Amino acid sequence: MSRDHTTAAAPTTTTTTSHNQSVKMKYVKLGYHYLISNAMYLLLLPLLAVSAAPLSRLTVEDLNSLYDQLRLNSIAVVTSGAALSFLLTVYFMKLPRAVYLLDFACYKPADERIVTREIFMGRSKLAGSFTEENLAFQQKILERSGLGQSTYFPEAVLNVPPNPCMAEARKEAETVMFGAIDELLEKTGVKARDIDILVVNCSLFNPTPSLSAMVVNHYKLRGNVISYNLGGMGCSAGLISIDLAKQLLQVHRNSYALVVSMENITLNWYWGNNRSMLVSNCIFRMGGAAVLLTNRPSDRRRSKYHLLHTVRTHKGADDRAYSCIFQEEDPTGRVGVALSKDLMAIAGESLRANITTLGPLVLPLSEQLLFLATLFARKVFRLRSLSPYIPDFKMAFEHFCIHAGGRAVLDELEKNLELSEWHMEPSRMTLYRFGNTSSSSLWYELAYTEAKGRIRSGDRMWQIAFGSGFKCNSAVWKALRTINPKKEKKNPWMGEIHNFPVHVPKVETVAT
């Protein structure tokens with residue numbers, strides 16, 4: 001499949017000239033990138049040639065003399081060899097254990113759970129708690145949200161009248177978690193009793209016993225399973241769970257770690273008229289994912305991805321960042337999640353902080369040199385008119401999975417990271433088809449990329465997620481093999497992937 005993601009320019013002289021200049025600069029930059037990336041080889045080859053010249057003049061007598069010297073000093077040779085072997089053994093034992101993603105599964109609800117815009121507005125009107133102005137507001141949000149006509153709601157919210165209660169919330173959680181885990185165990189062939197580590201995350205629904213206890217009970221996991229339940233950590237909790245599992249796999253040898261990411265809609269549907277809380281009703285939908293990680297060397301050959309890096313950034317010390325996504329009661333006592341108008345600015349600041357740490361780990365030397373040169377010119381020579389250089393992350397990654405939190409977030413990241421529509425397609429189509437499924441959205445996006453047949457051996461992928469607190473988290477993966485979508489047993493996009501991508505018109509965001 002071709003990876004030329006440039007889009008056709010409009011047939012005007014000015015646009016054509018601009019396009020030609022852009023193409024020329026693209027190839028100049030690629031030439032610079034390849035030159036810097038291979039500079040070490042270009043410098044080492046002449047040095048190796050010079051160093052190898054004396055060796056070519058060695059005679060048989062010289063070699064025999066060297067052999068005799070080594071034989072006479074056999075004790076020193078053996079001692080040096082043993083010391084070197086010991087040091088190499090210690091070095092390799094100290095290296096972090098490789099963590100592999102064996103496979104993952106995304107839950108796809110039954111067709112009975114589909115909620116169109118018309119069904120959504122119908123249920124909102126039947127609720128009888130929303131004013132006419134706020135019904136119109138929700139209608140506008142739906143039309144401009146980037147969500148399509150086939151997202152999913154839990155049964156309790158779709159019922160007439162709605163039935164939000166603890167029993168229904170547990171039912172939704174069990175349906176999503178067990179559905180995803182069953183599919184994952186079937187795909188991998190791993191038995192439930194082989195799970196050593198369990199991490200479950202759900203931000204807003206935290207019953208007693210916990211969600212992780214529900215999984216342990218249902219699948220009769222071993223009594224010594226290492227179990228964690230993460231709550232209140234927002235849409236980025238999925239990558240926090242991956243990072244936690246990675247750290248546990250550095251300690252526990254030959255283990256399987258099961259990560260389950262989901263959100264619960266049943267008890268978190270907002271019934272009031274605070275507009276900053278109504279936005280959540282319009283964009284959050286039912287969904288979840290299960291991921292199986294392993295550090296077993298023998299599983300590498302059948303794993304899909306190698307986890308290279310996880311980077312977590314927390315801005316919670318800043319009061320403005322801490323309160324930009326906040327669960328609270330409105331003036332009438334109804335509980336909802338309020339989204340601040342500062343949200344986009346906070347997300348941008350968090351992203352910059354995150355990529356400041358991630359950049360040196362993943363960017364090629366060519367991009368790091370350009371960044372440092374620009375920074376040096378601005379700081380030392382006071383060239384304030386020189387714009388800060390934004391590293392080209394397309395040089396580091398072939399694929400991007402950006403949390404489908406909403407169209408405004410995707411638009412902002414597309415602009416800031418200078419990504420193409422092709423790079424943004426998995427995120428936009430996930431938002432359109434499944435809505436914002438919170439921490440599990442990244443896995444629907446990866447499933448989309450696989451279903452399109454885009455994953456090739458050696459490809460690098462960047463997952464980016466934002467969440468309340470405020471947090472920005474990243475995970476970097478490398479594909480261990482080419483993914484053939486025709487051989488995939490389960491994928492939420494199969495059977496309809498040929499219908500995508502669809503065109504989602506861009507319009508202005510509705511203010512809250």
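Is alanine 136 buried, partly exposed or exposed, and what is its relative accessibility? Alanine 136 counts as partly exposed, because its relative accessibility is 38%. This value, like the others below, comes from a predicted model. The residue belongs to helix H6, which covers residues 132-144. In sequence, alanine 136 and methionine 121 are 15 residues apart, and their C-alpha atoms are separated by 9.3 Å in space.

**Helix H16**

Helix H16 spans residues 421-434. The helix has 14 residues and reaches 19 Å from its first C-alpha to its last, which is close to the 20 Å expected at 1.5 Å a residue. Its course includes a kink of about 30 degrees, centred on serine 427. Twelve of the 14 residues of H16 are buried, so the helix is largely enclosed by the rest of the structure. Among these buried residues are Trp422, His423, Glu425, Ser427, Arg428, Arg433 and Phe434. Serine 427, the centre of the kink, is thus listed among the buried positions of the helix. The cover over the buried residues includes strand S3 (151-152), strand S11, helix H15 (407-416) and helix H17.

Just after H16, glycine 435 adopts a positive phi of about 75 degrees. Further along, serine 438 lies in the loop that joins H16 to helix H17 (441-451). Serine 438 also has a positive phi, of about 60 degrees, although it is not a glycine. With a relative accessibility of 1%, serine 438 counts as buried.

A positive phi in a residue other than glycine is also found at asparagine 254, where the angle is near 45 degrees. Asparagine 254 is located in the loop between helix H10 (237-249) and strand S6 (256-262). With a relative accessible area of 47%, asparagine 254 is partly exposed.

**Aromatic contacts**

The structure holds 20 aromatic pairs. One of them joins phenylalanine 400 and tryptophan 462 in a tilted arrangement, with 6.0 Å centre to centre and 55 degrees between the planes. Phenylalanine 400 is in strand S11 (residues 399-402) and tryptophan 462 is in strand S12 (residues 460-467), so the pair ties together parts that are 62 residues apart in sequence. Both phenylalanine 400 and tryptophan 462 are buried.

One aromatic cluster is formed by Tyr152, Tyr432, Phe434, Tyr444, Tyr448, Trp493 and Phe500. Phe434, a member of this cluster, also has a charged partner, since arginine 433 lies over the face of its ring at 4.8 Å from the ring centre. Both Arg433 and Phe434 are among the buried residues of H16. Elsewhere, the charged end of lysine 187 sits over the ring of phenylalanine 104, 5.5 Å from its centre.

**Cis peptide bonds**

The table presents peptide bonds that lead into proline and are cis.

| Peptide bond | Form | Omega |
|---|---|---|
| Threonine 208 to proline 209 | cis | near -5 degrees |
| Phenylalanine 500 to proline 501 | cis | near 5 degrees |

Proline 209 occupies the loop between strand S4 (197-201) and helix H9 (211-219). Proline 501 is found in the segment after strand S13 (471-479). Phe500, which precedes the cis bond to proline 501, is also a member of the aromatic cluster described above.

Methods. Residues numbered from 1 in each chain as written. Predicted model: local features only at pLDDT ≥ 70, side-chain atom pairs only at ≥ 80, totals over all residues. Heavy atoms only, no water. Phe/Tyr/Trp six-rings, centres within 6.5 Å; stacked < 30°, edge-to-face > 60°. Helix = DSSP H or I, 4+ residues; strand = E, 2+ residues; numbered from the N terminus. Buried < 20%, exposed > 50% of the residue type's maximum accessible area, 1.4 Å probe, protein only. Lys NZ or Arg CZ within 6 Å of the ring centre and 35° of its normal. Expected span 1.5 Å × (residues − 1). Bend = angle between axes of the 7 residues up to and from the residue. Contact = heavy atoms within 4.5 Å.
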